[in-house]
Structure formats: C-alpha cells, structure tokens
Amino acid sequence: MRAIVTLCLIVCLGICAPWAVASESATGELPKYLRDRGPGVPTSMFGTYVLPGELLVYPFVEYYQDLDAEYSPAELGFGLDEDFRGDYEATEYLVFLGYGLGQSFALEFEAAVYITAEQEKAPNDPTALPDELSESGLGDVQMQVNWLWQRETSSRPALFSYGEVVFPFQKDKRIIGTQDWEYKLGTGVIRGFGFGTMTFRAALEYDRAEGKFEMGEFALEYLRRISPLLRVFTGIEGTEDEWELITEAQIHLTGSMFIKLNSAFGITSKAEDWAPETGVVFRF
C-alpha cells in the first residue's frame, strides 16, 4: 500500500502543478519516421531517447507483486535444492541517469537506492526457512552504454547495440540486489511507421556466479505519439519462460519534464504478476 500511495502522490503533484502546460515540441519539423520518438539515442527506459549533451534524471518508484514466485531454499541458504512457489512482494525506490555523449552514444546509470522485499514460505516447503523472509537495503546497481550505429532514414531502419554491467553490491543478501557480476550485450532495430514506431531487441547475458552465457531478454515494443501532451507505449518482454506485457503512458507536461505511468503484467506463470512503476523524467 505504501508504494501505491507514493505513486498516486507523484502523479497528482505532476498533473496538478499550475505551470504544467504541454508545449509543442520540435517533432513537427522532423521526418515522419521520427514523429513518435524524436531524434536521439535510445535508452533502456521504454520509449525514452536522449539528445547529445542532454542529461536525463528519472527518480521513480516500482512495486512488485507475485503470488506464486518460484524460489529454491538452497539459494536462500536453507539446504534443499528444489523449487517451490510462494508470495513475493517488494517496493523499490530508484534513480536513473542518462547522458547523451554525442550523436551516436549515450551512457546511463541506474540504482535501486532502497528496496524492501518479502518472500513467503510455500505451505509444502519442509525446510527451516522462516514463514516470511524479509530483506531491505540497496538493490540492483547497473551501468549501460548505448550505441546508435545506423541512423534511420526514409529507406532503412535505425540499428543500435548496448552493453550493460550489474555490480555485486549485495553479496550477503538473498532476495534483493545482485550477488555476483552480471553482463549483458544486446542489439536492436527501430523503425518508424505511419501507425507508430516499432522496436525489436535481443540480448546475450553472462552471470559470473553460474559461469555461463545464456540468451537474455527479447522485446517487441510499440511507441505512439498521440499529441504533444501524450505518448503511449506497449510491449512484450521476457526470457525463456518469463514473459510480461508492459503498458505505459507518458504525459509531457513541458519540453523538459514528463511523467511516466508504467505497469507490467505477467503473461507466463514464472513472471511477476504485477509491477506498476511511476516517476518524473527531467531533461537538462
């Protein structure tokens, strides 16, 4: 409930601000294939691009709920290497920073500055795992570099690649943070159409704890600029047996500020059931 109240407060503050007047952006002067997104290098934030020399600052809150989250007691320090299902809930407070290094490169940083999470024990779990395992503190901290190596034209799509590293700052935790180094290398294609902008991306991941490469996330995304005030996003993202549907509304209050209202819904049993997110993006 604390997460939901926080989300509502952020939205109300943004929408009710007396100076919140939508301004017409420069997208009207751009080619039709850039109408939805404008120029810039893609970032890991859905439907968000950064211009050369521009700094994006995005403080946001995310809530997770999964009524049948899969866990192994062995991975939590309780011996039995068998999978069970139990209720999982978390609230996360994060900050995202993105900076346009030039026409083709962007650097980003994201940190879950505080997360509180609870994993409930499954009724058929015979181990000494507590009925509810709770942890709080610093969550995932990661950096990513994005490279737009082919710009879109009227006859060809944009092509981009990205590399990500996740830092092992929570080696003594079990249900929050990252316990060992993780790496990701991905690539994607962007194409603007009259009905909206489509993006497809795929990644390869390496987890040093497991010592192996594996296919990372795949995603198919759609972005549409409805008006100077509103852009909508939807997409399907996942890995192997964990897939989710993502929806988002972006309310562009001014040329340098917009609200993101995002919600993810699990479409496979191993994906999180529901994960709403909201925050305000500031452009400098």
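In this predicted model, F284 is located in the segment that follows strand β15 (274-283). The residue has a relative accessible area of 60% and is therefore classed as exposed. F284 belongs to a nonpolar surface patch that also includes L55, L97, Y99, L101, F105, L107, M143, V145, W147 and W149. Together, the residues of this patch present about 1,000 Å² of accessible area. Two or more patch residues are contributed by each of β4 (84-100), β5 (105-120) and β7 (141-150). Strand β7 supplies the largest share, with four residues.

Two basic residues of strand β9 were also examined. K184 is part of this strand, which spans residues 182-193. Its relative accessibility is 13%, and because the limit for a buried residue is under 20%, K184 counts as buried. The side chain of K184 makes a polar contact of 3.4 Å with the side chain of E217. Apart from neighbours within four places in sequence, the residues in contact with K184 are Y162, G163, E164, A203, L204, E205 and E217.

R191 is likewise placed in strand β9. Its side chain approaches two backbone oxygens: that of T153 at 2.7 Å, and that of S154, which lies 3.0 Å from a polar atom of the R191 side chain. Both T153 and S154 appear among the contacts of R191 when neighbours within four places in sequence are left aside. The remainder of that set consists of E152, S155, R156, P157, G196, T197 and M198.

Note on methods: Residues are numbered from 1 along each chain as its sequence is written. This is a predicted model: local features need pLDDT of at least 70, side-chain atom pairs count only at pLDDT 80 or more; totals for chains, interfaces and linings use all residues. Side-chain values use heavy atoms; hydrogens and water are left out. Patches are made of residues with over 30% relative accessible area and no salt bridge: like charges are joined within 9 Å, nonpolar side chains (Val, Leu, Ile, Met, Phe, Trp, Tyr) within 5 Å. Accessible areas come from the Shrake-Rupley method with a 1.4 Å probe; for residues, only the protein chains shown count as cover. A salt bridge is a side-chain nitrogen of Lys or Arg within 4 Å of a carboxyl oxygen of Asp or Glu. Buried means under 20% relative accessible area, exposed over 50%, partly exposed in between (1.4 Å probe, protein chains only). A polar contact is a pair of N or O atoms within 3.5 Å; within protein, one must be able to donate a hydrogen and the other to accept it, and residues adjacent in sequence count only if both atoms are side-chain atoms. Contact means heavy atoms within 4.5 Å.
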